[in-house]
There are 4 protein chains.
Amino acid sequence: MTRVAIIGAAGYAGTELTRLVLAHPRLELVAVTSASEAGKRVSDIYPALAGCDLVYAEPEAAGIAGVAEIAFLAVPHTAALAIVPTLAEAGLVVIDASADFRLKDPVVYAAWYGTPHTAPALLGEAVYGLPELWRNAIPGARLVACPGCYPTATLLAAAPAVEAGIVISDRVIVDAKSGVSGAGRSATPGTHFIAVNESVVAYKVASHRHTPEIAQGLADLGLAHPRVAFAPHLVPMSRGLLATVYLEVEPGTDIDEVRALYAARYAGEPFVTVHEAERMPATAEVRGSNRAHIGVALDEPSGTLIVTCAIDNLVKGTSGQAVQCANIVLGLPETMGLDQPVPVI
Amino acid sequence: MTRVAIIGAAGYAGTELTRLVLAHPRLELVAVTSASEAGKRVSDIYPALAGCDLVYAEPEAAGIAGVAEIAFLAVPHTAALAIVPTLAEAGLVVIDASADFRLKDPVVYAAWYGTPHTAPALLGEAVYGLPELWRNAIPGARLVACPGCYPTATLLAAAPAVEAGIVISDRVIVDAKSGVSGAGRSATPGTHFIAVNESVVAYKVASHRHTPEIAQGLADLGLAHPRVAFAPHLVPMSRGLLATVYLEVEPGTDIDEVRALYAARYAGEPFVTVHEAERMPATAEVRGSNRAHIGVALDEPSGTLIVTCAIDNLVKGTSGQAVQCANIVLGLPETMGLDQPVPVI
Amino acid sequence: MTRVAIIGAAGYAGTELTRLVLAHPRLELVAVTSASEAGKRVSDIYPALAGCDLVYAEPEAAGIAGVAEIAFLAVPHTAALAIVPTLAEAGLVVIDASADFRLKDPVVYAAWYGTPHTAPALLGEAVYGLPELWRNAIPGARLVACPGCYPTATLLAAAPAVEAGIVISDRVIVDAKSGVSGAGRSATPGTHFIAVNESVVAYKVASHRHTPEIAQGLADLGLAHPRVAFAPHLVPMSRGLLATVYLEVEPGTDIDEVRALYAARYAGEPFVTVHEAERMPATAEVRGSNRAHIGVALDEPSGTLIVTCAIDNLVKGTSGQAVQCANIVLGLPETMGLDQPVPVI
Amino acid sequence: MTRVAIIGAAGYAGTELTRLVLAHPRLELVAVTSASEAGKRVSDIYPALAGCDLVYAEPEAAGIAGVAEIAFLAVPHTAALAIVPTLAEAGLVVIDASADFRLKDPVVYAAWYGTPHTAPALLGEAVYGLPELWRNAIPGARLVACPGCYPTATLLAAAPAVEAGIVISDRVIVDAKSGVSGAGRSATPGTHFIAVNESVVAYKVASHRHTPEIAQGLADLGLAHPRVAFAPHLVPMSRGLLATVYLEVEPGTDIDEVRALYAARYAGEPFVTVHEAERMPATAEVRGSNRAHIGVALDEPSGTLIVTCAIDNLVKGTSGQAVQCANIVLGLPETMGLDQPVPVI
């Protein structure tokens, strides 16, 4: 058993991490921290996590270092800057589901996050934790920066086409739809039930912080100088994320061949399904699971490949992916703790 | 008072037409038809329409011709082909909220609707009823083909940029999100509460029948040979529609100038609001009203103008627009019966 | 035209009052106040109220007195205590949709609201504004205390049986279900979308402040010493309220006779419908309207009459009822401004 | 490993049974049947059950008998009448989540289900599978009739008070609220998203088939001649059930003592939590789990104990309870396969 700490364990992503670690046969949860719930018992705050008698500690990295071998982080952006170096220095494996070590270029980080990156030395060490696309970098890593929810769905949707070289424009349109849990646990006018219910709205259009991360990923996949027009939307549901990605392809592209390409690309992937012709994935299909479901269509007149990818933003989009990465780092079967069936509804 | 009949009055669009006509100071509802509810009283089926003691008749055009001066149609596609000629011949003004007379080219109609157009002569007479864009054609028209919900939102979003000539590519991406009422009143596996709730899914990607209608409209606005990649999505809400339109513009385009362009274009329009910088419209803002709210953003690196337009699919997307067109045809104030305030939530 | 001010106009009830007054043919809205939105234009905050160019003022009663003839109040409990005397002294008619003048006994008020009643003299003058049950008291009133949403639905459900003397126990069970708007506009952990969505929960069981108001009403209807066990519940919807009322009746009671009794009691009422056998009202039926729909059933073995009453908590439960009372006070037709058809969905 | 068949495996309850059996360390799913999905692969119909390659067979009991040792039934009422005898004769343990063997008196069954009971001999053998209340009957049983969802929540809510003898009236009021999955997978006007969304409605008031089952259970708990007034309600959510139970108790009853009584009664129960004072359970707390959470309040003036019990209708209300019973029958730890943490949201 590997001893695990979760930093920022009381937010939505943190509770999912808690659930997944508790159910994992080879991980032992030994510490949880939370600024907002410090001093309270996990199962008192979250009856769904019945059986977890741990008490939330203050999120000080120092205490964690002594008790855990691996730490999962689910903290707000910029918060990990102070925590990760301490943990890394203490020799812990860090699986960071936060934003601070995803962008490789500290200048880009500073531009999008509005603050200098205070641990640039660690950026070189960090590997980007999207196993289906960059699995080889993960075994033995000391610091894994897990992708954001939008980049995960977008890059999985775009990768087979980009890698195959059939994308003929560096201009990529990403229209994404997310449930409210992506906005976090804070009660704000924007998360009030009545603001969300029966409404759809775009937000942070062309200014969302996941934009450079998507561009970085597309470049790594082989698309030169990608320019990403990204519009995230909030939809009235608690969980789930759908990315609809529009890629320009050669005239005369055959959709059946593209679909075969996608199917072949993900054939061995335990968590990815490419749907058959005419079928597009619903986010409900993947609710609660670490799966990504992909549908592919082609608009022939405009030469536009339209790919939708559905994930659960709190599992494959955050916490499940973190556990998947931890499995790889630790040399465990990649699906361990992530392969239980989930409710159909 | 002008005597009005509504054909197909018991569907969602039909009930909204009923509501709006009942509240209209210069229209008198004299007949309603419904295949499914024939013989039943309106207020018995729909308590919300309390006060309407009309009984649904069978949807035979013949009977209508004698009693009404103007007929609104809200019937499934292809059904209007048989009804409109009879009504037109009898001298009624026809405001058709159905699909059959929107496309000007019967060959395109046949290709997308899978059946020949049986009244092509009337296509020449039909005017496209989107007043904000083609108002001049409507006064005195005998047959108004009101746009579909997706084309309404999309064309309102695209028009100022296209008209101004700042769109530099004929390739237009439209990603739209609709509430379930767009799918109609039939109980199907796809409209079951549990299928819709907590899920987002794309459907009819690159194959939705509103695609050629959008292309036709963009061409009329001045975009040569538009190619429209269109992906509609179903979101878990009853009403509301958001179109997110991606237009390629010149490098160096200034977003403030574009926003000013939009504001100027719609300055005199009673039903259109262009939001200020950083604000995108939520569909909840326009719920129950005939309004269209528009937000404009620019992704500079990719030269992509991103415009979102929120409407209520059953009002500005169908029934309200039909009444707006009827007002124009009849020489009434365009906002008559459509300007009452609506609930904020 | 009668000049109207709305105090507390930016909350949910206040916006509904604003909507209804704007649409009313004989009321002219001249002033709106709001502590939270003071200085802002109504139509800027609420696009759905497009056309209302009034600016929210600070909620000081003094200024209102000079400009309006009638004032509607939609303020939090205890806030009306300071406002109403000023307005009354200035000669305004006050229609109070708040809680402070509903309970006739200041001792009961103090016990349930945790503060002494500071204007007990006005309690004697206040009439309880539930027209269907106590219409005669309203014409010419200077201060109308409109019932809470729960008492409105409960008393309408219970009245015919109580008045007819068929209720044989003073113990009345009220189980009510409300949408979230009843909890107000504040963003709290309890109104967060994710807390509300996909959940039902009881709250303030046996301690809700509407309990003594229900008891007072039942006593006025003729039930001696009523004891009310009241459990309100929060359900995941924005608007709507269903009260399920359990009344003990004589063995051998005939449900058809009871239903006939209900139908007869409300036969002349423009806003009340008693459903036929086997049909129970859904809150969606009355969404956006001032209507109350009632269904009646009997559990024979236990001698329990089970009555459900559906209202829109923001219309018949608050703002619509306030306008209905104003109409009566002013000698206008009772349904004026409240009889427009509303959307079916 | 015990070989398991699930009869009626493609409905909502059936898919939950499938999920739970697949995750169970000592059960091996060897056969699934479904009339509607026969011939199709489980994972094709339900991607959430990825990993299950079984193909739905026609629901003929004969084939099952040869391959499985234990059969779970999740079929519509009356359907089990024909299936259970065949399975029982073949020596299988039958865990019946259907309705047909819950009522001990075939006369009562015939009265409520509208058809004679065709296997009355097996009624004597059937044990009622609500472990927290009647655990002792279950070990070694050959036929377990698992309770309905409403009786489960109601009886858990009422039991401690009834057993302790503090309930002084045989008249019990049960007001219950259920998510839509309780209505099954069929697409009907009543399960259409738009019918359910933003609405609450009572149904089958005083006529629901769970009424006699609740009465039978209360009698078994010691309440003489119980008379149950039962009003179920449909609320707009997919899963979850809340029963609010009103019990008349002695004047002077102390709520703290009652709460202590409840806490003591369920102290050893792994799946039941009694909340502290002032806290009522939300159905979201138990979503996806086999737990039942209980809150207790007292209305002193009316001497009414108000108990709410939240369960997931598809887990503790059906499938989880079936697995719990199977564990007991088979001599396995009662929580096996049911104790994994579930998502907090």
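How many residue pairs are in polar contact across the interface of chain C and chain D? The rule finds 26 such pairs, both residues at pLDDT 80 or more, a polar contact being a pair of N or O atoms within 3.5 Å, where within protein one must be able to donate a hydrogen and the other to accept it, and residues adjacent in sequence count only if both atoms are side-chain atoms.

The model is predicted, so local features need pLDDT of at least 70 and side-chain atom pairs count only at pLDDT 80 or more, whereas totals for chains, interfaces and linings use all residues. Residues are numbered from 1 along each chain as its sequence is written, chains are lettered from A in the order in which they are written, and side-chain values use heavy atoms, with hydrogens and water left out.

At this interface, 44 residues of chain C are in contact (heavy atoms within 4.5 Å) with 44 residues of chain D. The count of salt bridges (a side-chain nitrogen of Lys or Arg within 4 Å of a carboxyl oxygen of Asp or Glu) between the two chains is six, and one of these joins D:Asp175 to C:Lys177.

Over all chains, the whole structure holds 76 salt bridges, including those tabulated here.

| Pair | Closest N to O |
|---|---|
| D:Asp175 and C:Lys177 | 2.9 Å |
| B:Arg3 and B:Glu69 | 3.4 Å |
| C:Glu269 and C:Arg135 | 2.7 Å |
| D:Glu285 and D:Arg279 | 3.9 Å |

In the chain C pair, C:Glu269 is buried (under 20% relative accessible area, 1.4 Å probe, protein chains only) at 10%, whereas C:Arg135 is partly exposed (between 20% and 50%) at 26%.
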